[in-house]
Amino acid sequence: MLRPRNRAHPYLMLAPTLVLLVVFFILPLGVAGYRSAFSWDLLTPPRYVGASNYTRLFASGELLRTLGTTLTFSLVVVIGSMLLGLLLAMAVNRPGKFVGFIRASVFSAYVVSWVSVALLWMWLLDANAGVVGRMFARLGIGESGLLAGPSTALYALAGVTVWKITGYSMVIFLAGLQDIPGEMYEAAALDGAGSWGRFWNVTWPLLRPTTAFVGTSSLIISFQAFDVVRVMTQGGPAGSTSVFVYAIYEHVFLNFRLGRASAMVIVFFCLLMMLTLLQLWAWRLGQRGFRER
Amino acid sequence: MKGESLSRRDLLRAAASAGLLSALGCAPSSSRTTVKMWFSYGGKNRQMLEALVARFNASQPAISIHATFQGDYFENLTKLRSAIAAKSAPTITHVVSEVIPYLAEADVLEPLSEYAGAKDLDLVPALDQRGTWIGGASKPLMALPFNRSTPILYTNQEMLDAAGLKAPTTWDELKQAARTLKRGTGNDTVWGLICPISWWFWAALVQQAGGTVVEADGTPTLGGEAGVRALDLWQDMVHRDHTMRPPPGRDYNAWEVTNGDFLAKRAAMIYTSTAFVRYIDQNAKFKAVAAPLPRDVKAAVPTGGTFFIMLKDAPREQKQAAWEFLRWMAEPQQTIEWATGTGYMPIARKAVLQLEANGYYQTHPNDRVAMDQLAHAVPWPWAPNLFRVQRECIDPLIEEAVLVPRNSREVLEQARRRAAED
């Protein structure tokens, strides 16, 4: 086993990362925690209010509402992008120039900036001028525009997010699919498995680590959603697309309630922490299950 | 490796000498006092303002105004508040009237009363600090009117003629006219009325129904019964009559949609701002006629738009220089240029007299409507909570009431509770 010549060495090596972590993460979080006990609007002196920023968040129902909005959005984004990504990956998992072109096209959406995508979709979703918007209007959904209805706007945003990140999950799934040895399929076919049987007994179990990875990364993307909301709906109509990060932004930069916003940051942090632990736990469980197989 | 480090050093040296040279080059012009100004216009209004600034800069050797675009009113205000806290605010900017009592209370505004000529500006009373706020006359001068407006009704005269209608003058006539004018379904709908679901238009309705949004002492009553009546009017037209479209988008996005739909003949009538009079007149491919807002128990309109403010923390000589610019902007010539080019109202009394004398209002009847409506302008209370009530309580909740929809009385009760929180 390697031993450091000096006991301080490992800490010295860690120092650069540690400094960055403290300055840009732990310190701001501490400041947010401190600020959350004050009522402050940047211009007039801060006033100590104890835990009232937190109680207000709970009592006004804002927290639950924001949480509901965020989770709904995340659910649609995670499930949508995984399902579509997997289907696309299986469809384009073959050689050929044309398939290569399709792959590149689908992935290209992931490379484009969020703001461009959001602007593009605002056009597409317009009830009068947009192709997609008109299509939905003809079906009787969102007749004055999907983004204009409080019951449709969030799903429209989630749809746009799925459209943008599906290319990424497709590529990851594709890599996962190409990692599965061809003999497995041959063996399964010899055993009399049909195409569904081969998917269910070979592809799906062997893709599990990939699925977990895609799930985690799309969950992270969906929780960080801000650009689409800022550009396309600004949290509206009637607050229906005010996801967590946007709600925090709104409290800081529109309402200038820095205390309330800090309280939200702390709550959001705890929430993400819990989610991470849950995911870690599920991930370990999955790996153990995989080994036991 | 050696060659590389040498060339990098050379580059640095070149950059340093270039920087020094440009600094030297700038030196002679630095005898002018530079004043930073933030503004909130895009499009044609921006060009107009920039042209005015350029003319001011060219007209004298001592002061140079550096005007920077900072997004819409609310974006500018956001940046301004952060910049004040970070001590990097501009010397002057312009802000919506509702926020001025708050900024004054927070003690960030420079009082202008003592500057040379402040007492002789001869402004239109309904549009300056005296007429915009209850008790505004007894306060030190904190703001100078810049682009001032009121809400206004615009009608597509051809559609009205075809239906044998005149511009509605009361709420009942408005509802009736909207029912008659609504045509088609789906993508081919022509709406009777499009009105942004925004505090300003709602405040107009509340005042017309005989209510007050925020009382003179700052109590947010939100109009009481009049507030409910105002919300019910919208709800009826949107959900019962299906004659009004609440335009999508937040803040000014919804206003743009409103104007756009009107110009594309997708609406027979719209509520918009006098600010867009010139824009609509120049872009309508039909006869677009302005009319006063329909009345309920009385005729009333709030005033809107922005005032110039000066930040207290700026260096003294910059404030002095900025004042020269503000005073210049309030002169009749500049006022006329700005008002006739945009549709905002002329804020200097001499400018109004001059426009009347040379027959401007005869040839521009839509501008006339805006000016006449000023007789019914209702002042705001000088209440520091005014802006917060608007942004946090009224705007989001009336939107919910109309779009979801929710019971008007309950929504306003909730808004009052929220407004009562500190």
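Which residues have the most contacts inside the largest nonpolar core? In this predicted model, local features need pLDDT of at least 70 and side-chain atom pairs count only at pLDDT 80 or more, whereas totals for chains, interfaces and linings use all residues. Residues are numbered from 1 along each chain as its sequence is written, and chains are lettered from A, with ligands numbered from 1, in the order in which they are written.

The largest nonpolar core (a set of buried Ala, Val, Leu, Ile, Met, Phe, Trp, Tyr and Cys residues joined through C-beta atoms within 7 Å) has 123 residues, and those with the most contacts inside it are Leu193(B), Trp202(B), Met269(B), Ile270(B), Ile309(B) and Leu326(B). Helix α17(B) gives the most to this core, with 10 residues; helices (H or I, at least four residues) and strands (E, at least two) are DSSP runs numbered from the N terminus. At least three residues of the core come from each of domain 1 (32-148 + 304-370) and domain 2 (151-302 + 385-420) of chain B, the domain bounds being taken from an automatic or database domain assignment.

The C-alpha centres of these two domains of chain B lie 28 Å apart. Their contact (C-beta atoms, placed from the backbone, within 7 Å) takes 19 residues from domain 1 of chain B and 21 residues from domain 2 of chain B. On the side of domain 1 of chain B that touches domain 2 of chain B, α16(B) gives the most, with four residues.

Between the chains, the contact takes 20 residues from chain B and 23 residues from chain A. On the side of chain B that touches chain A, two or more residues are given by each of α3 (73-85) and α17 (386-403) of chain B, and α17(B) gives the most, with six residues.

Helix α18 (residues 408-420) of chain B has 13 residues, which at 1.5 Å a residue should span 18 Å, in agreement with the 18 Å between its end C-alpha atoms; the expected span is 1.5 Å times one less than the number of residues. In α18(B), Ser408(B), Val411(B), Leu412(B), Ala415(B) and Ala419(B) are buried, a residue being buried if 20 or more other C-beta atoms lie within 10 Å of its own, exposed if 12 or fewer, and partly exposed in between, with C-beta atoms placed from the backbone. These buried residues cover an arc of only 95° around the axis, which puts them on the same side of α18(B), the arc being that of the directions from the helix axis to the C-beta atoms. On the other side of α18(B), Glu410(B), Arg417(B) and Ala420(B) are exposed, while the buried residues of α18(B) pack against α9 (225-240) and α17 of chain B.

Key: Two residues are in contact if their C-beta atoms, placed from the backbone, lie within 7 Å.
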